[in-house]
Amino acid sequence: GLNQEMGRQKKRLLANMLFIGNLYLRQILASSIVAAVVGELVFKPQEPEELHVDCAVELIRSIGHTLEQEDKGRGRTLVGHFVARLKELRSRELYSTRCKVMMQDMIELQGKSWRMKVKREMARTLREVAAAARRPEVEFETVTVGVRPKLVVARQAPTPKAATKAIDLAKVRRCAQYFADDGDADALVSDWKAL
């Protein structure tokens, strides 16, 4: 019924926030767009709905680290304003305990430089799974959330320019002509390297 439809709508909205966050991390959206979205969600004159607070927290959690590190200080300012707004909203009786705890977790995550403990998942053999089931200890690792993917960072890194030397066009033509005359690929390679 109605609760199922509201649950689907909430999942869709939270997924959209993750999508917007990923677009920002991949440098498809500017931080001004993120600021506009967060502003629409929680910086209205009237009290934001709990769902809007959930969405804003999800968005900032997914990009907070990168947003704070970049954008010439504007990102740090945006995150600072957002955390201040969360502290303000957390004190209100309008929100559920779940929402207040989520706000507090977000504030603490930002205070810990976006570092969070997560359960380490890794491939295991059947024997290792059975052994892990007998002992109750859980393996955790600390990760930084909201970091730009390594692929995007690698693409941004300046590529070292190879030393270029002037190539004599007459020599290139001569190499091509020799290859056309005798068809010897090995000779072409050695002549080309000698250029």
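**Exercise 1.** In this predicted model, find how much space lies in the largest pocket and which residues line the pocket.

*Solution.* Start with the volume: the largest pocket holds about 160 Å³ of space. Next, list the lining, which consists of Arg61, Asp105, Met106, Glu108, Leu109, Lys112, Arg115, Met116 and Lys117. Then assign these residues to elements: α5 (97-111) and β1 (115-119) each give two or more residues to the lining. The largest share, four residues, comes from α5. Finally, sort the lining by class: six residues are charged, three are nonpolar and none is polar.

**Exercise 2.** Check the length of α5 against the span that its number of residues should give.

*Solution.* The helix α5 has 15 residues. The expected span is 1.5 Å times one less than the number of residues. For α5 this should come to 21 Å, and because its end C-alpha atoms are 21 Å apart, the two values agree.

**Exercise 3.** Work out which residues of α5 are buried, and what they pack against.

*Solution.* Buried means under 20% relative accessible area, and exposed means over 50%. By this rule Cys99, Met102, Met103, Met106, Ile107 and Leu109 are buried in α5. They cover an arc of only 160° around the axis, so they lie on the same side of α5. Thr97 and Gly111, on the other side of the helix, are exposed. For the packing, look at the neighbours of the buried residues: these residues pack against α3 (50-69), α4 (74-90) and β1.

**Exercise 4.** Which residue just after α5 takes a positive phi?

*Solution.* Go to the chain just after α5 and read the phi angle: Ser113 has a positive value of about 55°.

Methods: Residues numbered from 1 in each chain as written. Predicted model: local features only at pLDDT ≥ 70, side-chain atom pairs only at ≥ 80, totals over all residues. Heavy atoms only, no water. 1 Å grid on protein atoms, 1.4 Å probe; cavity = no way out; pocket = protein on both sides within 12 Å on 5 of 7 lines; lining within 4 Å. Points joined across faces, edges and corners; volume = space filled by probe spheres on them. Nonpolar A, V, L, I, M, F, W, Y, C, P; charged D, E, K, R; others polar. Buried < 20%, exposed > 50% of the residue type's maximum accessible area, 1.4 Å probe, protein only. Arc of directions from axis to C-beta. Contact = heavy atoms within 4.5 Å.
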